[in-house]
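Q: I am new to this structure and would like to learn how to read it step by step. Could you take me through its features, giving the general idea and then the case at hand?

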Amino acid sequence: MVARMKRLHAVFIALTASTLASCSSTPQRETAAIPKPVQAAPVQVDPDQALLAKLQRLAPTADPGVLALAVEARACAVASGEVAPETRLAVIDYSRPSTDKRLWVFDLANERLMFNEYVSHGQGSGDNYATRFSNVEGSFATSLGLYRTAETYYGSNGYSMRMDGLDAGFNDNARMRAIVMHGAWYANPDLIQRQGRLGRSQGCPALREGIARQVIDSLKGDQLVFSYADDAPWLERSRQFGCRGKSARQVLASARAVRNGSLPVMATAVP
């Protein structure tokens with residue numbers, strides 16, 4: 001009996017070992033590798049294009065080409081170290097008549113339009129429309145280009161703000177010519193009803209007296225003022241544009257085409 005039990009035990013052990021060997025040697029079903037989803041390259045919008053889009057939303061009545069040129073001039077000034085990126089930006093469109101509100105002041109950091117105002121041009125530049133521009137002392141004409149604002153003072157026109165022209169050959173005589181921003185009775189839009197235009201300065205961007213101090217205080221001390229007109233010599237020869245290989249005419253045309261819906265806003269993919 002004992003011998004028989006030993007034989008049965010031995011058979012049981014052998015069967016168990018065979019079963020374990022069979023389980024461990026059973027081939028595993030291979031699982032097909034699941035391909036990882038292909039991720040699209042992130043799209044990075046040109047920050048200056050994004051800034052332009054914001055300005056257009058804030059000032060829908062402004063010419064998008066003029067805003068684009070102001071953004072381009074600002075970008076070149078920032079790149080050259082002439083101004084800080086956080087500066088406020090005022091844009092004056094002298095291609096419009098003095099009967100239009102042709103001055104916009106933007107707070108870029110907080111993305112808001114601070115002012116949209118009337119502004120006078122110089123006696124030497126024309127009547128209702130400014131058509132002649134000069135950097136020469138005694139011309140009494142408006143100068144075009146990018147200005148960096150400076151200190152305030154009290155002069156013959158009351159509270160005023162000096163500006164330094166950054167556009168060589170076009171407005172860099174501004175301080176010598178005393179081209180400043182100030183308030184003036186002749187910049188009051190009430191005059192438009194009587195004489196069909198604002199009064200004119202001696203080349204300064206003059207504002208109505210009721211708003212001049214507020215505008216000046218928003219712009220004083222290393223902010224930017226951009227003065228535009230469709231003036232061929234300035235557009236073709238200004239050094240304030242082209243730091244990124246674009247001409248002024250190209251910048252104007254591109255922005256105006258986007259507004260007209262014929263050209264998409266360009267974005268670049270990050271490799």
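**A buried aspartate and what surrounds it**

A: Let us begin with a single residue in this predicted model: Asp 107 has a relative accessibility of 3%, and because anything under 20% is called buried, Asp 107 counts as buried.

Q: Where in the fold does Asp 107 lie, and which residues is Asp 107 in contact with, leaving aside its neighbours within four places in sequence?
A: A residue is best placed by its element and then by its contacts. Asp 107 belongs to strand S3, which covers residues 103-107, and, once neighbours within four places in sequence are left aside, Asp 107 is in contact with Arg 88, Arg 112 and Met 114. The C-alpha atoms of Asp 107 and Leu 89 are separated by 6.8 Å, although these two residues are 18 apart along the chain.

Q: Is Asp 93 buried or exposed, and what does Asp 93 touch?
A: The reading goes by the same steps. Asp 93 is found in strand S2, residues 89-93, and with a relative accessible area of 2% Asp 93 is buried. Not counting residues up to four places away in sequence, Asp 93 touches Asp 63, Val 66, Arg 102, Trp 104 and Tyr 228.

Q: How many helices and strands does the protein have, and what share of its residues is buried?
A: Whole-chain totals give a frame for the single residues. The protein has seven helices and ten strands, and buried residues make up 43% of its 271 residues. Among contacts between residues at least 6 apart in sequence, 62% join residues at least 24 apart.

Q: How should I read a nonpolar core, and which residues touch the most other members of the largest one?
A: The general idea is that, in soluble globular proteins, nonpolar side chains tend to be buried together. Here the largest nonpolar core has 59 residues, and those touching the most other members are Leu 69, Val 215, Phe 226 and Trp 234. Helix H3, residues 64-79, gives the most to this core, with eight residues. Apart from this core lies another, of five residues, among them Ala 184, Tyr 186, Leu 191 and Ala 206.

Q: What is Trp 234 in contact with, leaving aside its neighbours within four places in sequence?
A: A contact list shows which parts of the chain meet at one residue. For Trp 234, with those neighbours left aside, the list is Leu 69, Leu 144, Gly 145, Asp 167, Phe 170, Phe 226, Ser 227, Tyr 228, Ala 229 and Phe 241.

Q: How do the axes of helices H2 and H3 cross, and which residues make the contact?
A: A helix pair is read from its crossing angle, its handedness and its contact residues. The axes of H2, residues 47-58, and H3 come within 10 Å and cross at roughly 140 degrees; since only angles over 145 count as roughly antiparallel, H2 and H3 are therefore oblique to each other. The crossing in which H2 passes H3 is right-handed. From H2 the contact is made by Asp 48, Leu 51, Leu 52, Leu 55 and Gln 56, and from H3 by Pro 64, Leu 67, Ala 68, Val 71, Arg 74 and Ala 75. These residues divide into eight nonpolar, one polar and two charged.

Q: What are the C-alpha distances from Tyr 147 to Leu 166 and from His 121 to Cys 204?
A: Such distances show where separate stretches of chain come together. Tyr 147, in strand S5, is buried at a relative accessible area of 2%, and its C-alpha atom is 5.5 Å from that of Leu 166, 19 residues apart along the chain. His 121 lies in the loop between S4 and S5 and is buried at 1%; the C-alpha atoms of His 121 and Cys 204, 83 residues apart along the chain, are separated by 6.5 Å.

Q: Which value of phi does Phe 140 have, and which does Ala 178 have?
A: Here one looks at the backbone and at the residue type together. Phi of Phe 140 is near 55 degrees, a positive value in a residue other than glycine, and Phe 140 lies in the loop between strands S4 and S5, partly exposed at 34% relative accessible area. Ala 178, also not a glycine, has a positive phi of about 60 degrees; Ala 178 lies in the loop between strands S6 and S7 and counts as partly exposed at 45%.

Note on methods
Residues numbered from 1 in each chain as written. Predicted model: local features only at pLDDT ≥ 70, side-chain atom pairs only at ≥ 80, totals over all residues. Heavy atoms only, no water. Core = buried A, V, L, I, M, F, W, Y, C linked by side-chain atoms within 4.5 Å. Buried < 20%, exposed > 50% of the residue type's maximum accessible area, 1.4 Å probe, protein only. Helix = DSSP H or I, 4+ residues; strand = E, 2+ residues; numbered from the N terminus. Contact = heavy atoms within 4.5 Å. Axes fitted to C-alpha atoms, helices over the stretch in contact; angles between N-to-C directions. Parallel < 35°, antiparallel > 145°, perpendicular 65-115°, else oblique. Left-handed = near helix turned anticlockwise from the far one by under 90°. Nonpolar A, V, L, I, M, F, W, Y, C, P; charged D, E, K, R; others polar.
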